[in-house]
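Visitor: I would like a close look at one part of this model, please. Pick a single feature, walk me through how the pieces fit together, and then place that feature in its wider setting.

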Amino acid sequence: MNKLLLHRAAKPLLFALCLLPILWLIARVATNHAGANPQEYLIRGTGDWSLRFLCIVLTVTPLRTIVGWPALARMRRMFGLFMYFYVVLHLLSYSWFDMGLDFGDIAKDIAKRPFILVGFAAFVLLTPLAATSFNRAIKFMGAKRWQALHKAVYAIAGLGILHFFWMRAGKHNFNEVAIYAAILGVLLGWRVLQFIKKKAQMPAQNGRGVLSK
Amino acid sequence: MLIKTHANGFIHTNSSEITPQAAYQSRREWMKLLAGGAAGGALASWAARDALAQVPRPGKLAALPGAKSAVAGAMTVEKITDYKDATTYNNFYEFGTDKADPGQNAHTLKTTPWTVEVEGLVKKPAKYTLEDLLKLSPMEERIYRLRCVEGWSMVLPWVGYSMSELIKKVEPLGSAKYVEFVSLADPKTMPFVGSRVLEWPYVEALRMDEAMHPLALLGFGMYGEVLPNQSGAPVRMVVPWKYGFKSGKSIVKIRFTDRQPATAWNKAASNEYGFYSNVNPDVDHPRWSQATERRIGEDGLFAKKRKTLMFNGYEAQVGQLYAGLDLRKNF
């Protein structure tokens, strides 16, 4: 698998795969298969795929470590940028289809509806991450600071799932929310465990740890 | 003036007593069709039925023709929503919370035999079979706008008669102030009865004067056919000036009471769904604006949503019911 991931064609192939959802959504609308409310279909579809790419990008590091596919790291940036791509499409379809691109109305709607505010906050937080995803930005910022900034994805995950939860709260329909929350919970929980393990090892290595204070 | 001369000119009686052109023309059409049909025998009823119907039948269910309604406001001339959209995109929580669920799940609903029990503060409580109800008053076709509280709308051709016809038959007591409509709640045929979204059975209610308003329709069909299961077969309410959820589906009980009944959505979230729930673009839902709506299947993908009208455009007909009522408090 690791070898396959290192193959020249691996990245272009995954790139094409990541484009399939939007092509699918457009094809469904174009062929009249999107139901009675195609606008709603596109808004929800792009939202679903934003969440799915969030899950995909957060799976990269655990999978790389647990299964031992270091080559997967090469794909992380692409997945992250695709997540941003779907988030932007989600925001754009809401702004266009629901709000008629009336920026005054959009601003009012963001202020009025908590779940819109939370979703919008996730987009705002995600923007600097997408903007600093090229190599020169990492060099310019320094790896430490860059990494610290990109830890914001954990907060974005929380906002994203809260946005989805609140949206579904109107109908008390939490089945799908629970699935995404469970996946994100496992992915973030694994990181917390790693962090605790690291912390636990540190005092032993240093001889004197937190206890001596 | 008692004795009229030519000097008075032609004096009209009340304008309401003048037969509208549409009515007498349709009567003439009728006569022509019947005259032509007399030769054609069996063909006559078929022709007459088609002449009655305003919209082409989708040909999916049994025909239920209705004559063009003469009730003021009952025949909007807007483009009628496609039958497919109307039957694949609606809310009927007994069959799931997604708007595609009713169309997929409601085939399990059993609509025969069906009885509707009328009880409470009436002189003549009764158990009506569906057949009794169908015969109770002549069927009318009415083309109403439907505005969902979620912000979308349709234009639907219903078949039925004014709820007031049934109310007059059962003779409510003076003490009856509200009419409650109870929907079927059968967990065996309705897979989502028992889910925690709402209390079951689904209960809706109207004030007596609202229920007596000629636009409040007891509906048995749509698009010239009997109601499809997902749309509330075999009998439902259609109250066009209120948000869609106020119109109970698959009704099994109608109860007359002196106290305002506890209604399904009002019980679930009273700050979001008031008892009246009249369509009102100026009173937002706490979580979204009600100023605009998307007309299903009509405008292009990128068209702006249309403005929602006060009382869903039925203000001229129903506005006086709420004279003096603070609609912000009584939302």
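Guide: The walk below starts with a sheet in one chain and then widens to both chains.

This is a predicted model, in which local features need pLDDT of at least 70 and side-chain atom pairs count only at pLDDT 80 or more, while totals for chains, interfaces and linings use all residues. Residues are numbered from 1 along each chain as its sequence is written, chains are lettered from A and ligands numbered from 1 in the order in which they are written, and side-chain values use heavy atoms, with hydrogens and water left out.

Let us begin in chain B, where 5 strands make an open sheet in the order β3-β2-β11-β6-β7, with mixed pairing. (Strands are DSSP runs of E with at least two residues, helices are runs of H or I with at least four, and both are numbered from the N terminus; two strands pair if DSSP finds at least two bridges between them.) The edges belong to β3 (126–129) and β7 (203–207) of chain B; each has a single partner strand, so one side of each is left without a neighbour in the sheet. On average, neighbouring strands here are turned by 20 degrees against each other, direction ignored. (Axes are lines fitted to C-alpha atoms, for helices over the stretch in contact, and angles run from 0 to 180 degrees between N-to-C directions.)

Now follow β2 of chain B, residues 115–120. With β11(B), residues 251–257, it runs parallel, joined by 4 bridges. One residue to find in the viewer is B:Gly120, whose bridge partner in β11(B) is B:Phe256. Helix α6 of chain B, residues 163–170, packs on this sheet and touches β2, β3, β6 (178–183) and β11 of that chain; contact means heavy atoms within 4.5 Å. The direction of this helix makes about 60 degrees with that of β11(B).

Toward β3(B), the pairing of β2(B) is antiparallel, again with 4 bridges. Here B:Thr115 stands opposite B:Thr129 in β3(B). The two strands form a hairpin, with 5 residues between them.

Stepping back, chain B has 9 helices and 13 strands. Half of the picture is inside: 50% of its 331 residues are buried, meaning under 20% relative accessible area, against over 50% for exposed and in between for partly exposed (1.4 Å probe, protein chains only). Among contacts between residues at least 6 apart in sequence, 71% join residues at least 24 apart.

Away from the sheet, B:Asp299 sits in the loop between β12 (292–295) and β13 (306–307) of chain B. B:Asp299 is partly exposed, at 31% relative accessible area. Beyond four places in sequence, its contacts are B:Lys304 and B:Arg306.

Chain A has 10 helices and 0 strands. Of its 213 residues, 37% count as buried, and its C-alpha atoms fill a box of roughly 65 × 45 × 40 Å along the principal axes. One buried residue there is A:Ala10, with a relative accessible area of 10%. A:Ala10 lies in helix α2 (residues 10–30) of chain A and touches A:Leu4, A:Leu5 and A:Met75, not counting residues up to four places away in sequence.
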